[in-house]
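Please walk me through this structure, strand by strand and residue by residue. Keep it brisk.

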Amino acid sequence: IVIVLPPPADAFLEVADSLDALPCGGDLSFPVSTNQPWQVTVQVGGDWLSLQNQAGIGNGIVMLFCQPNLGIFARQAVISINAGGLSKTIVVTQAG
């Protein structure tokens with residue numbers, strides 16, 4: 001049996017909707033604004049985008065590493081962040 005509780009009434013989660021990664025790759029980060037423990041996962045694009053930290057408590061910074069895009073086409077990754085029953089999706093686009 002799995003019991004899913006609603007988020008606390010005062011819970012909030014604010015993150016960017018999207019990020020742009022340089023074609024040459026490298027480090028990328030984004031702030032997390034919340035009053036809850038949070039966890040980040042790469043849903044799509046895990047073959048070229050990796051998380052350097054996957055969880056935190058309260059406000060924090062998510063650090064990512066992007067492999068270079070050696071192709072001519074842009075590619076996208078999808079990251080999800082969950083905090084206290086709230087969820088957001090972030091799309092990372094990397095030009096080719």
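**From one strand to the sheet and core**

Thr34 has its place in strand β3. Strands here are DSSP runs of E, at least two residues long, and helices are runs of H or I, at least four residues long; both are numbered from the N terminus. This is a predicted model, in which local features need pLDDT of at least 70, side-chain atom pairs count only at pLDDT 80 or more, and totals for chains, interfaces and linings use all residues. Residues are numbered from 1 along each chain as its sequence is written, and side-chain values use heavy atoms, with hydrogens and water left out.

Thr34 is buried, with a relative accessible area of 3%. Buried means under 20% relative accessible area, exposed means over 50%, and partly exposed lies in between (1.4 Å probe, protein chains only). What does Thr34 touch, not counting residues up to four places away in sequence? The list is Phe12, Leu13, Gly58, Asn59 and Ala83. Contact here means heavy atoms within 4.5 Å. The side chain of Thr34 also places a polar atom 3.2 Å from the backbone nitrogen of Gln36. A polar contact is a pair of N or O atoms within 3.5 Å; within protein, one must be able to donate a hydrogen and the other to accept it, and residues adjacent in sequence count only if both atoms are side-chain atoms.

Now step out to the sheet. Four strands form an open sheet in the order β1-β3-β7-β5, with antiparallel pairing. At the edges are β1 and β5, each of which pairs on one side only. Two strands pair if DSSP finds at least two bridges between them. Strand β3 (residues 26-34) and β7 pair in the antiparallel sense over seven bridges. One of the partners is easy to find: Asp27 is bridged to Phe65 in β7. Strand β5 (residues 49-51) also runs antiparallel to β7, and three bridges join them. There, Leu51 stands opposite Leu64 of β7. In general, strands of a sheet pair through backbone hydrogen bonds, either parallel or antiparallel.

Strand β7 (residues 60-66) has two faces. Gly60, Val62, Leu64 and Cys66 make up the covered face. Ile61, Met63 and Phe65 make up the uncovered one. In a regular strand the side chains alternate between the two faces of the sheet.

Follow Leu64 inward. Leaving out residues up to four places away in sequence, Leu64 touches Leu19, Gly26, Asp27, Leu28, Phe30, Leu49, Ser50, Leu51, Gln52 and Ile79. Leu64 is also among the best-connected members of the largest nonpolar core, which has 21 residues: Phe30, Val32, Leu49, Val62, Leu64, Ile79 and Val92 touch the most other members. Two or more residues of this core come from each of β2 (18-21), β3, β4 (37-44), β5, β7, β8 (75-83) and β9 (86-94). The largest share, four residues, is from β8. A nonpolar core is a set of buried Ala, Val, Leu, Ile, Met, Phe, Trp, Tyr and Cys residues joined through side-chain atoms within 4.5 Å. In soluble globular proteins, nonpolar side chains tend to be buried together.

Next, the cysteines. How many disulfides does the structure hold? Zero. A disulfide is counted as a pair of cysteine sulfur atoms within 2.5 Å. The sulfur of Cys24 is 9.6 Å from the closest cysteine sulfur, in Cys66, so the two are too far apart for a bond. Cys24 is exposed, at 54% relative accessible area. Cys66 counts as buried, at 2%.

Asn69 lies in the loop between β7 and β8. Is Asn69 buried or exposed? Asn69 is buried, with a relative accessible area of 10%. Polar atoms of the Asn69 side chain lie 3.0 Å from the backbone nitrogen of Gly71 and 3.3 Å from the backbone oxygen of Gln94. Beyond its neighbours within four places in sequence, Asn69 is in contact with Pro23, Ala74, Arg75, Gln94, Ala95 and Gly96.

Two last residues. Val44 is in strand β4 and is partly exposed, at 44% relative accessibility. Val44 touches Gln76, Ala77 and Val78, not counting residues up to four places away in sequence. Ala9 is found in the segment before β1 (13-14) and is exposed, at 88%. The C-alpha atoms of Ala9 and Cys66 are separated by 36 Å.
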